[in-house]
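Biologist: Please take a close look at a single helix crossing, and then place that part in the rest of the chain. I am a first-year student; please give the cut-offs of the terms you use.

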Amino acid sequence: GRVLLTGGSGFIASHVLDALLDAGFSVVVTARSEEKGKSVVESVKPHLLSYVVVEDIAKEGTFDNVFQAQTPFDYVVHTASPYHLNVKDPVKDFLDPAIKGTTGLLKSIKAHGATVKRVVITSSSAAVLNPDNHAKVYDETHWAPTTFEDAIKHPAKHGYRASKVLAEKAAWAFVTNEKPNFDVAVINCTYVFGPIQRNLPSLEAMNASNHRIRDMMQGKMRDGILPTRPVFTWVDVRDVALAHLRAMTVPKAGGNRFYVVGGHFTNKQIVDIIRDKYPSLAGRLPADAVSDLPDDVYNFNNSKSREMLGIEYTSLEQSIVDTVKSILEAITPR
Ligand code: NDP
């Protein structure tokens with residue numbers, strides 16, 4: 001089968017790509033420049049892989065010629081969406097690329113991608129959780145109440161969350177209203193740790209959710225560990241990648257969202273794992289780390305992802321060990 005994978009230069013996408021290629025799919029990734037596309041293709045050998053440049057997913061009709069010019073696709077996996085911490089304009093930086101990027105892609109598939117059977121979309125636990133009034137136990141029935149107006153009023157607090165929940169709602173509305181040729185499955189993964197992508201140009205370009213691990217390794221928390229909040233749950237990127245693959249291939253996954261979460265964590269646990277497994281880094285770590293997991297922290301129910309997608313969640317220790325290893329490899333001259 002043939003898959004179009006959007007946002008191919010990204011962290012999660014790099015692991016989705018590995019999972020797709022391992023499973024024997026041929027893949028076309030979208031990347032924002034020739035340079036990024038080439039670096040993804042060169043990072044994977046041998047490959048049934050090519051790239052196409054899609055500079056800005058927010059641009060109207062930008063995916064049309066991808067479907068017109070390429071050999072027909074069987075599946076589309078949509079990971080591209082902004083996830084960073086330097087928001088200036090919430091509409092330009094988050095809402096437009098997330099929402100218009102998703103609906104634009106679905107429109108182009110409906111118009112020009114008749115062979116596509118399923119679209120898997122990377123949403124987020126940001127589209128599930130309600131931090132101002134947490135549920136006791138979250139599952140796929142929960143929806144973040146965040147609105148467009150929230151994002152405009154408080155870009156730093158709500159911009160990203162609004163972009164994810166509104167993009168996901170727009171996708172489900174598209175399916176209901178447009179009755180397209182394909183069905184949709186959604187991955188609502190929580191905060192993701194795991195090995196950085198092979199083609200990462202620099203540690204500054206690292207995906208946001210691995211920053212705290214990098215920062216600890218660089219000694220930035222030596223004199224004081226940062227609080228774990230506002231996120232207290234995590235998942236390994238390889239589990240997230242497998243969830244995307246299975247959501248694509250398991251017939252009954254269509255029409256479902258999957259809350260993909262591996263466990264609770266604190267920054268203290270991460271520090272302890274790094275100190276224990278990488279003693280040479282101990283001098284850069286805070287000595288007095290304390291656990292700051294609230295007693296009443298929200299819980300999660302990940303049984304749907306385990307039962308329908310067969311995900312067996314990676315341990316925090318394994319994930320941190322492998323993440324640190326990948327960062328050390330990236331900074332060690334070859
Ligand atoms: P990355 O920043 O590594 O990947 C994001 C990708 O989207 C990059 O390839 C980026 O391209 C691309 N992208 C962003 N904006 C645009 C745009 N306007 N036009 C075209 N491409 C764009 O982050 P992740 O891998 O972590 O995130 C991937 C997906 O997973 C996102 O949808 C994110 O919301 C979701 N997610 C991530 C979580 C996490 O903890 N990491 C948790 C839950 C969900 P470029 O780098 O060239 O800008």
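Modeller: The crossing of α9 and α11 is right-handed. (A crossing is right-handed if the near helix is turned clockwise from the far one by less than a right angle, and left-handed if anticlockwise.) This is a predicted model, in which local features need pLDDT of at least 70 and side-chain atom pairs count only at pLDDT 80 or more, while totals for chains, interfaces and linings use all residues. Residues are numbered from 1 along each chain as its sequence is written.

Helix α9 covers residues 267–277 and helix α11 covers residues 316–331. (Helices, H or I of at least four residues, and strands, E of at least two, are DSSP runs numbered from the N terminus.) The two axes come within 10 Å and cross at roughly 65°. (Axes are lines fitted to C-alpha atoms, for helices over the stretch in contact; angles run from 0 to 180 degrees between N-to-C directions.)

From α9, the residues at the crossing are Gln 269, Ile 270, Ile 273, Ile 274 and Lys 277. They meet Leu 316, Glu 317, Ile 320, Val 321 and Val 324 of α11. (Contact is when C-beta atoms, placed from the backbone, lie within 7 Å.) Sorted by class, this contact has seven nonpolar, one polar and two charged residues. (Ala, Val, Leu, Ile, Met, Phe, Trp, Tyr, Cys and Pro count as nonpolar, Asp, Glu, Lys and Arg as charged, and the others, Gly among them, as polar.)

Helix α11 also has a sheet to pack on, an open one of three strands in the order β8-β9-β11 with mixed pairing. (Two strands pair if DSSP finds at least two bridges between them.) Strands β8 and β11 (263–264) are at its edges with a single partner strand each, so one side of each has no neighbour in the sheet. Strand β9, residues 233–236, runs antiparallel to β11, and two bridges join them. One residue of β9 can be traced across: Thr 233 has His 264 in β11 as its bridge partner. Helix α11 touches β8, β9 and β11, and its direction makes about 60° with that of β8.

The loop between α7 (211–217) and β9 contains Pro 230. The peptide bond from Arg 229 to Pro 230 is cis, with omega near 10°. Most residues other than glycine have a negative phi, and most peptide bonds are trans.

Beyond this part there is an open sheet of seven strands, β3-β2-β1-β4-β5-β7-β10, paired in parallel. Its edges are β3 (49–53) and β10 (257–260), each with a single partner, so each has one side without a neighbour in the sheet. From one strand to the next, the twist averages 20°. Inside this sheet, β1 (residues 2–6) and β4 (residues 75–78) run parallel and are joined by four bridges; Thr 6 stands opposite His 78 in β4.

Helices lie across this sheet too. Helix α6 (residues 155–178) lies across β5 (118–122) and β7 (183–189), at about 165° to β7. Helix α8 (residues 237–249) lies across β4, β5, β7 and β10, and it too runs at about 165° to β7.

To place the crossing in the whole: the chain has 11 helices and 12 strands, and its C-alpha trace spans about 60 × 50 × 40 Å along the principal axes.

Conventions: Contact = placed C-beta atoms within 7 Å.
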